[in-house]
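Here is a short briefing on one structure. Look at the sheet first, then at what packs on it.

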Amino acid sequence: MIALPPYAALLGLTRTADDRGVPVLTMPFADGVLGRPGFLHGGAIAGLLEIAAIAALRHALGTDDAGVIPLTITVDYRRGGRDAPTLATGIVTRLGTRIAHVDATAWQDDPARPIATARTNWRLDRPS
């Protein structure tokens, strides 16, 4: 199983997979991710999206030996995250030798109604 960054444990993330084997992360609603009363903190949502992108990228690479270094991460917040578990997954849209692009989506009740999306670009530091 591909390793997640240590920040995943701080957010309380658990991992499952969709029918293609792509990682799906779940973040429980808890005091540690609370922003304004009753809503998720935007930073927790952004962290979830970043880790979902990393998980999707490492899954596509088939290893966590390659270093994945973030170049840009742009988060679009669509609606407030409420008192419910939040799920997220990433889709690798380009996987080159040195650069990768991954889109990530976070939702609560319906994947067609995301609470936030992210576009990420990564530098790959693959072992020789």
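**Gln-108 and its surroundings**

A polar contact of 3.1 Å links the side chain of Gln-108 to that of Thr-86. The model is predicted. Gln-108 lies in the loop between E5 and E6. The points below start with this residue, then turn to the sheet, its strands and helix H2.

- The side chain of Gln-108 also reaches the backbone oxygen of Arg-82, at 3.0 Å.
- Gln-108 has a relative accessible area of 13%. Buried means under 20%, so Gln-108 counts as buried.
- Beyond its neighbours within four places in sequence, Gln-108 is in contact with nine residues' worth of surroundings that include Leu-40, Gly-80, Gly-81 and Arg-82.- Ala-84, Pro-85, Thr-86, Leu-87 and Ile-115 are also among the contacts of Gln-108.

**The sheet**

- The sheet is open and has 6 strands, in the order E1-E2-E4-E5-E6-E3. Their pairing is antiparallel.
- Which strands are at the edges? They are strand E1 (14-17) and strand E3 (67-77), and each pairs on one side only.
- On average, neighbouring strands of this sheet are turned by 25 degrees against each other, direction ignored.

**E2 and its partners**

- E1 and E2 run antiparallel and are joined by 4 bridges. Across this pairing, Arg-15 stands opposite Leu-25 in E2.
- The hairpin of E1 and E2 has 5 residues between the strands. In this hairpin, Gly-21 takes a positive phi near 90 degrees.
- On the E4 side, 4 bridges join E2 to E4, and the two run antiparallel. Here Leu-25 has Ala-88 in E4 as its bridge partner.
- How many residues of E2 are buried? The strand is mostly covered, with 5 of its 5 residues buried.
- In a regular strand, side chains alternate between the two faces of the sheet.
- Both faces of E2 are covered. Pro-23, Leu-25 and Met-27 are buried on one side, Val-24 and Thr-26 on the other.

**E4 and E5**

- Strand E4 (residues 86-95) and strand E5 (residues 99-107) are joined by 8 bridges and run antiparallel.
- In this part of the sheet, Arg-94 stands opposite His-101 in E5.

**Helix H2 on the sheet**

- Helix H2 (residues 42-61) packs on the sheet. It touches strand E2 (23-27), E3, E4, E5 and strand E6 (116-125).
- The direction of helix H2 makes about 45 degrees with that of E4.
- Ala-53 is found in helix H2. Is Ala-53 buried or exposed? Its relative accessible area is 0%, so Ala-53 is buried.
- Leaving aside neighbours within four places in sequence, Ala-53 is in contact with Val-102, Ala-104, Thr-120 and Trp-122.
- Ala-53 and Thr-105 are 52 residues apart in sequence. In space they are 9.0 Å apart, C-alpha to C-alpha.

**Rings and charge**

- The structure holds 0 aromatic pairs.
- Where does the charged end of Arg-36 sit? It sits over the ring of Phe-39, 3.7 Å from the ring centre.

Note on methods: Residues numbered from 1 in each chain as written. Predicted model: local features only at pLDDT ≥ 70, side-chain atom pairs only at ≥ 80, totals over all residues. Heavy atoms only, no water. Phe/Tyr/Trp six-rings, centres within 6.5 Å; stacked < 30°, edge-to-face > 60°. Lys NZ or Arg CZ within 6 Å of the ring centre and 35° of its normal. Pairing = 2+ DSSP bridges. Axes fitted to C-alpha atoms, helices over the stretch in contact; angles between N-to-C directions. Contact = heavy atoms within 4.5 Å. Buried < 20%, exposed > 50% of the residue type's maximum accessible area, 1.4 Å probe, protein only. Polar contact = N/O pair within 3.5 Å; in protein donor to acceptor, adjacent residues only side chain to side chain.
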